[in-house]
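Me: I would like to go through this structure step by step. Please answer each question with a short line of reasoning.

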Amino acid sequence: MALNDLMSNGVKTKKIHIDDIRLNKLNNYPLSEIEELEKSILEYGQLENGIAYEEDCGDNKKYTLLSGHRRCTAIKHLYDKGLHDGMVDVRLEQKPSTIYEEKKKINHANLQRKLKPEEIQEIRKSAINLALQEFERRKGTDEEIKFNNDCKNLSEWVGKEVGISGRQVRTYLKQMKEENNTNNKDNENNKNEQEKPQYTRTQVIKELLSIARKIDKLNDKITTNELEIIFEGNGKKCSVSTLLNKESERFNFFASYIENNRKGE
């Protein structure tokens, strides 16, 4: 066995050059605080192994990461700056049998990082969604999930997949539902806001002057008791007083519109 290949409890650990390692496209978590990690690696070296599997993707790289994306990114930066030899300690494993198993392993690896509480929550929510999708995928197949005394319901099964209790799963699902409802409401409000007609200052002033003239004419009719039914522009019958109220409302709308836009300037 070569000096850069070690065996530990049947698991192969190997020193691999950073240029032979590809980041996993299934890992969608942010690679934060890389600069701080670079400083730590320069001072103390690589303290934890990465985890990868061997795979030929035709890109001249030999291994795909499952864990250690931040470490490898930091080492790559250091190597490119001539501050590191580019050799990475990696534990080699078999490639997961399904994309679901691969994503699940990536989720668990990310949870072992030093994370803020809100970051842990986001990873767990992602893992819960992933497990729910897998549960639906297995329906009607030989892999369909069957509940028993060890796993009585969907929440317990998802909890086992994610590494939390069924009760925690239900709490997360409630929170995720509330967040989804809030997002839908915000999206609807934004949509309504975007659909509101937009007017230039010149258009508003023209509308106000036009409405003011209509109101004056309608007031003249009321003053001279000409309260007969008249026709609006759309051909519908309307009394003078009703039309006057409508025009007054339009005048107030445009007056408020120009006032609100003046505040936003």
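**Questions on a predicted model**

Me: How many disulfides does the count come to?
Reply: The model is predicted, and a disulfide here requires a pair of cysteine sulfur atoms within 2.5 Å. By this rule the count of disulfides comes to zero.

Me: Is Cys72 buried or exposed?
Reply: A residue is called buried when its relative accessible area is under 20%. Cys57, with 43%, is partly exposed. Cys72 has a relative accessible area of 3%, so Cys72 is buried.

Me: How many residues of strand E5 are buried?
Reply: Strand E5 covers residues 63-67 and is mostly covered. Of its five residues, the number buried is five.

Me: Which residue in E5 is the bridge partner of Tyr53?
Reply: Strand E4 (residues 50-54) pairs with E5 in the antiparallel sense, over four bridges. Within E4, Ala52 stands opposite Leu65 of E5. For Tyr53, the bridge partner in E5 is Thr64.

Me: Which residue in E5 is the bridge partner of Arg22?
Reply: Strand E3 (residues 21-22) runs parallel to E5, and two bridges join them. Thr64 has already appeared as the partner of Tyr53. The E5 partner of Arg22 is also Thr64.

Me: Which residue in E6 stands opposite Ile51?
Reply: E4 is mostly covered, with four of its five residues buried. E4 pairs with strand E6 (residues 87-92) in the parallel sense, over three bridges. Opposite Ile51, in E6, stands Arg91.

Me: Where does Asn60 lie, and what is its relative accessible area?
Reply: Asn60 lies in the loop between E4 and E5. Its phi is positive, near 70 degrees, in a residue other than glycine. The cut-off for exposed is over 50%. Asn60 is therefore exposed, as its relative accessible area is 74%.

Me: What is the phi of Glu33?
Reply: Glu33 is placed in the loop between E3 and H1. Glu33 is not a glycine, yet its phi is positive, at about 55 degrees.

Me: Which residues lie nearest the centre of the largest pocket?
Reply: The largest pocket holds about 960 Å³ of space, and 34 residues line it. Two or more lining residues come from each of helix H1 (34-44), E4, E5, helix H2 (69-80) and helix H3 (99-111). By class, the lining has ten nonpolar, 13 polar and eleven charged residues. Nearest the centre lie Glu48, Arg70, Arg71, Gln112 and Arg113.

Me: What distance does helix H4 reach from its first C-alpha to its last?
Reply: Helix H4 (residues 117-138) has 22 residues. At 1.5 Å a residue, the expected value is 32 Å. The model comes close to that, with a reach of 32 Å.

Me: Which residue follows H4, with a positive phi?
Reply: Several residues in H4 are buried, including Ile123, Ile128, Phe135 and Arg138. After the helix comes a residue whose phi is positive, near 75 degrees. That residue is Gly140.

Me: What is the volume of the largest cavity?
Reply: Rolling a probe the size of a water molecule over the atoms shows where empty space is left. A search of the whole structure finds one cavity of 30 Å³ or more. The largest cavity has a volume of about 70 Å³.

Me: Which element gives the most to the lining of the largest cavity?
Reply: Among the residues that line the largest cavity are Tyr100, Lys104, Ala127, Leu130 and Val162. H3, H4 and helix H5 (154-162) each give two or more residues to this lining. The lining divides into six nonpolar, two polar and two charged residues. With five residues, the element that gives the most is H3.

Me: What distance separates the C-alpha atoms of Phe147 and Trp157?
Reply: Phe147 has its place in the loop between H4 and H5. Phe147 is partly exposed, with a relative accessible area of 37%. Phe147 and Trp157 are ten residues apart along the chain, and their C-alpha atoms are separated by 8.1 Å.

Notes:
Residues numbered from 1 in each chain as written. Predicted model: local features only at pLDDT ≥ 70, side-chain atom pairs only at ≥ 80, totals over all residues. Heavy atoms only, no water. Buried < 20%, exposed > 50% of the residue type's maximum accessible area, 1.4 Å probe, protein only. Pairing = 2+ DSSP bridges. 1 Å grid on protein atoms, 1.4 Å probe; cavity = no way out; pocket = protein on both sides within 12 Å on 5 of 7 lines; lining within 4 Å. Points joined across faces, edges and corners; volume = space filled by probe spheres on them. Nonpolar A, V, L, I, M, F, W, Y, C, P; charged D, E, K, R; others polar. Expected span 1.5 Å × (residues − 1).
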